[in-house]
Amino acid sequence: MGVRRIIFDEESERALAQVIRMTGWSVSVVLKRGVLALQDRIEQFPELPPFEIYRRLDLGPGGYALAPSTKSRLGVQRKLQRQT
């Protein structure tokens, strides 16, 4: 079992205090349940790293670019528009 030291911002501290008031659980129980809930969510709906999302867009091998490299955002927007 590990001991951790965490620092919350004001918003997180207020949320923690509210959950403790509403449930009557200790800080430790609230944080454990929160970590387990997040683990379940990530397993059900994994978040892809930005490069994986970009790779799946498949902008093509080149030669028919939708936009110049200096306007890559525009190229991605055009590609997304064509997919819908």
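Ile42 sits in helix 2, the stretch that covers residues 27-44. In this predicted model, the Ile42 side of the story is a halfway one: the relative accessible area is 43%, and Ile42 counts as partly exposed because that value falls between the 20% and 50% cut-offs. Going along the chain from Ile42 to Arg55 takes 13 residues, and the two C-alpha atoms end up 21 Å apart in space.

Helix 2 also holds Val27. Like Ile42, which is partly exposed at 43%, Val27 counts as partly exposed, with a relative accessibility of 40%. Val27 and Ala67 are 40 residues apart along the chain, and 51 Å separates their C-alpha atoms. For scale, the C-alpha atoms of the protein chain fill a box of roughly 60 × 25 × 25 Å along the principal axes.

Further along comes Asp58, in the loop that links helix 3 (50-57) to helix 4 (72-83). Asp58 has a relative accessibility of 53%, and it counts as exposed because the cut-off for that class is over 50%. Asp58 and Lys79 are 21 residues apart along the chain, with their C-alpha atoms separated by 9.0 Å.

Helix 4 is home to Arg73. With a relative accessible area of 67%, Arg73 is exposed, again because the value is over 50%. Counting back from Arg73 to Ile6 spans 67 residues, and the C-alpha atoms of this pair lie 37 Å from each other.

What about the fold as a whole? The protein chain has four helices and zero strands, so read from the N terminus the order is simply α-α-α-α. The radius of gyration of the protein chain is 22 Å, whereas a compact globule of 84 residues would come out near 12 Å. The box of roughly 60 × 25 × 25 Å gives the dimensions of the C-alpha trace along the principal axes.

Burial can be put in numbers too. Of the 84 residues in the protein chain, 8% count as buried, a class that takes in residues under 20% relative accessible area. The accessible surface adds up to about 7900 Å², and carbon and sulfur atoms account for 56% of that.

On the charge side, the protein chain carries 14 positive and 9 negative side chains. The centres of the positive set and the negative set lie 6 Å apart. One charged group has a ring for company: the charged end of Arg33 sits over the ring of Trp25, at 4.1 Å from the ring centre. As for aromatic pairs, the structure holds zero.

To pull the residue-level picture together, Val27 at 40% and Ile42 at 43% are partly exposed, while Asp58 at 53% and Arg73 at 67% are exposed.

Conventions
Residues are numbered from 1 along each chain as its sequence is written. This is a predicted model: local features need pLDDT of at least 70, side-chain atom pairs count only at pLDDT 80 or more; totals for chains, interfaces and linings use all residues. Side-chain values use heavy atoms; hydrogens and water are left out. Helices (H or I, at least four residues) and strands (E, at least two) are DSSP runs, numbered from the N terminus. The radius of gyration is taken over C-alpha atoms; the globule rule is 2.2 Å times the number of residues to the power 0.38. Buried means under 20% relative accessible area, exposed over 50%, partly exposed in between (1.4 Å probe, protein chains only). Accessible areas come from the Shrake-Rupley method with a 1.4 Å probe; for residues, only the protein chains shown count as cover. Lys and Arg count as positive and Asp and Glu as negative; His and the chain ends are not counted. The place of a charge is taken as NZ of Lys, CZ of Arg, CG of Asp or CD of Glu. Rings of Phe, Tyr and Trp (its six-membered ring) pair if their centres lie within 6.5 Å; planes under 30 degrees apart count as stacked, over 60 as edge-to-face and the rest as tilted. A charge sits over a ring if NZ of Lys or CZ of Arg is within 6 Å of the ring centre and within 35 degrees of the ring normal.
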